[in-house]
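Reader: I have a new structure to look at, and I would like to learn how to read it feature by feature. Could you take me through it slowly?

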Amino acid sequence: MAYTEKELAKELENKKYEYGFVTDVESDVIKKGLNEEIVRIISEKKNEPEWLLEWRLSAFRKWEKMEEPDWAHLKYKKPNFQDLHYYAAPKTKKKLDSLDEVDPEILKTFERLGIPLEEQKALSGVAVDFVMDSVSVKTTFSAKLLELGIIFCSFSEAVQNHPDLIKKYLGKVVPPTDNFYAALNSAVFSDGSFCYIPKGVKCPMELSTYFRINEANTGQFERTLVIADEDSYVSYLEGCTAPQRDENQLHAAVVELIALDGASIKYSTVQNWYPGDENGIGGIFNFVTKRGLCEKGSKISWTQVETGSAVTWKYPSCILKGDNSEGEFYSVAVTNNYQQADTGTKMIHLGKNTKSVIISKGISAGNSSNSYRGLVQMNPGASNSRNFSQCDSLLIGDQCGAHTFPYIEVQNKSSRAEHEATTSKIGEDQLFYCNQRGIDTEKAISLIVNGYAKEVLNKLPMEFAIEAQKLLEISLEGSVG
Amino acid sequence: MDSIIKIKNLHAELSDGTKILNGVNLEVKPGEIHAIMGPNGSGKSTLASVLAGREDYIVTEGEVEYNGMDLLDLSPEDRAREGVFLAFQYPVEIPGVSNINFLKTSINEIRAYKGEGPISAKEFLGMVSEKSKLVELDNKLKNRSVNEGFSGGEKKRNEIFQMAMLEPKLAILDETDSGLDIDALRIVAHGVNTLKSSENASIVITHYQRLLDYIVPDIVHVLWNGRIIKSGPKELALELEDKGYDWLKKEVITE
Ligand SMILES: Nc1ncnc2c1ncn2[C@@H]1O[C@H](COP(=O)(O)OP(=O)(O)O)[C@@H](O)[C@H]1O
Ligand SMILES: [Mg+2]
């Protein structure tokens, strides 16, 4: 049965506080530092099977011998990994009585993003009397999906309820030792999401739209695994346009996508973690490993809008293993003030007739630094493969920097990779020109930025595209004059 | 008849204290075309920029009355919304924004300021086709990013196209003729002349008398060293063409 998001929303509106409850667990924090003991405690607290503990431990042992990479175009003080907490039980946020208690700045942002009132409350931890409590939403939602055989749950639940799927696919796309942060995540990941779409099923709604609130609490070492079985389709949405704060400065997530023969996965991200203040103090360090594996005739499409974090290190990639498979990467990355981003993608062509498209739009303002780093690799067996890359940079003001690092390796004669790059600038002159035509500066920046990012924003699910558009405006506020 | 703009003793300088305008006086009435001539560096573009509200310049003295309002009190966008249009000497490129989308935004912002709703697609497109014919603007330019990759002449024509679309009350044309061949010049002049009415006025900045064969001014002013040192009928332009500016400068110095 097809069940649209609208219908679901309606049903939820009429639903009372059924499953919702607030657990008042005492904050359960174990001592700082990282060693085998900590890894064991995490695994035990999560009641994990022996094989998973071993998996974590082996990742940990490898991680210990690894060096934090420094090839990215980023400057930051490396975290002291022994000075962090690696496990905290899910915290319950302090409940507020009304929106009046919330920081007015945050409320203003919510308003401008057009986030509905109820959702605003939930996001800022105001006690809500009905519906939007994430637990009840989630339960209703999952029941509907289950009718279609779709599994969509937290990673921890999946470990308990679908251990064979986890065992079969975990770490298959991003091996625990892939890189320093992936190894760290594999050792200590806290929770995340799991999704399985059965053969031939087209998931009728954007997964995760209704989980935005929930998402706000998923910790610093998130683990996501999405499996689309043969000829299935899913559109998955991660993140939130609302500003996200977190006491944990270091975030190292891993996302693995598996598209089996003929399947199609669309994975959209809006990342708006706290970027630090206008002087570059504070802000999240975001080191993310995202990768998808494409089997025969399948397709994975990454779309990301990156506006947050002090430091972003992220390269959503596709391994085009199956013949005739396709990978896409659409990205808008905004940096303002002292933010730094080094982001891009890898398209690894292994199968014949494989195709990839890369559209990257960097926007830098203030004193920020924004780098695109991409690898397109056509292996000897990937005959007749094609890539098109377009990497554009937009500079606002003249204190910021944009860099492009494209690596293209074509190892067979019948394949072709095409790369285009442009750099443009918004300066006082452009803005004055707009002003002189009756367009104020704020509107002018949004006009220019949205025109520039349109190609990527259009790839987002409709509702999200509008919020993302506003988010770009807000992120760039005060970037000129 | 009331004036459209009345500039009284206008002084402006850069933030480092460099004085550029040193007491400009100028009054323009509805239906009039004024030409401002003067050698390079005399302050013509600066005068245009100050009237349009560019923040690089600080007004230290004087006042500007526009349509009964204190012009200097308005933000640049509000001046535009009140009908002040500047055709730039060097129109900038705006990447990623199509010419047509830019114009539509401009029109709608101006309408919103006046409390009117957005223009209908039909009316807008009708206007676009009418006004682009007026300046013989190449169709393909409408969907390109504003001024991006336009030739010098195309940029100038695009300025006049925008002017025709926005129907300003006071148009200031800053060296719109420079870099134009004679055909383009004729087209631009035709645009300006067609838009002329008893309700609006233009200030045409140029340092060639050539343009004034096509756009006939009511009064010609000579700006030098940040001041208007001479005003006269259109024949003054011919005299300047003949004799250059030096005789005028001497006149001022010996004054
Ligand atoms: N923003 C500016 N910064 C520095 N000098 C300027 C600036 N604007 C104008 N000037 C100087 O002021 C004088 C007048 O310039 P301008 O108004 O462009 O003259 P015109 O348009 O008559 O050729 C010139 O000497 C010019 O270099
Ligand atoms: Mg000039």
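**Reading the model**

Author: Let us begin at ligand 1, where an oxygen atom of the ligand is 2.7 Å from a polar backbone atom of B:Gly41, a polar contact being a pair of N or O atoms within 3.5 Å; within protein, one must be able to donate a hydrogen and the other to accept it, and residues adjacent in sequence count only if both atoms are side-chain atoms. This is a predicted model, in which local features need pLDDT of at least 70 and side-chain atom pairs count only at pLDDT 80 or more, while totals for chains, interfaces and linings use all residues. Residues are numbered from 1 along each chain as its sequence is written, chains are lettered from A and ligands numbered from 1 in the order in which they are written, and side-chain values use heavy atoms, with hydrogens and water left out.

Reader: Which other atoms make such contacts, and which residues surround ligand 1?

Author: A residue is near a molecule if one of its heavy atoms lies within 4 Å of it, and the residues around ligand 1 include B:Leu14, B:Ile20, B:Pro39, B:Lys44, B:Ser45 and B:Tyr57. A backbone N or O atom of B:Lys44 is 2.8 Å from an oxygen atom of the ligand, and a side-chain N or O atom of B:Tyr57 lies 2.7 Å from one of its nitrogen atoms.

Reader: Which protein donors does the magnesium ion have?

Author: Donors are N, O and S atoms within 2.8 Å of the metal (3.2 Å for Na, K and Ca), and sites may look incomplete because water is not among the atoms. For the magnesium ion, ligand 2, the protein donors are OG of B:Ser45 and OE1 of B:Gln89, at 2.1 to 2.3 Å. This pair links distant parts of the chain, 44 residues apart, with B:Ser45 in helix α1 of chain B and B:Gln89 in the loop between β6 (84-87) and β7 (94-98); helices (H or I, at least four residues) and strands (E, at least two) are DSSP runs, numbered from the N terminus.

Reader: Is B:Gln89 buried or exposed?

Author: Buried means under 20% relative accessible area, exposed over 50%, and partly exposed in between (1.4 Å probe, protein chains only). B:Gln89, at 16%, counts as buried, whereas B:Ser45, at 25%, counts as partly exposed.

Reader: How many salt bridges does the structure hold, and what does A:Arg223 pair with?

Author: A salt bridge is a side-chain nitrogen of Lys or Arg within 4 Å of a carboxyl oxygen of Asp or Glu, and the structure holds 31 of them over all chains. A:Arg223 pairs with A:Glu256, their closest N and O atoms being 2.9 Å apart. A:Arg223 lies in strand β3 and A:Glu256 in strand β6 of chain A, so the pair ties together parts that are 33 residues apart in sequence. A:Arg223 is buried at 0%, and A:Glu256 is buried at 0%.

Reader: Which residue of chain A meets B:Arg54?

Author: B:Arg54 forms a salt bridge with A:Asp429, with 2.4 Å between the closest N and O atoms. B:Arg54 sits in the loop between α1 (44-52) and β4 (57-66) of chain B and A:Asp429 in helix α11 of chain A, so this pair joins two chains.

Reader: Where does pLDDT stay under 50 in chain A?

Author: pLDDT is the predictor's confidence in each residue, from 0 to 100, and its mean over chain A is 81. It stays under 50 over residues 1-27 and over residues 209-218 of chain A.

How values were computed. Contact means heavy atoms within 4.5 Å.
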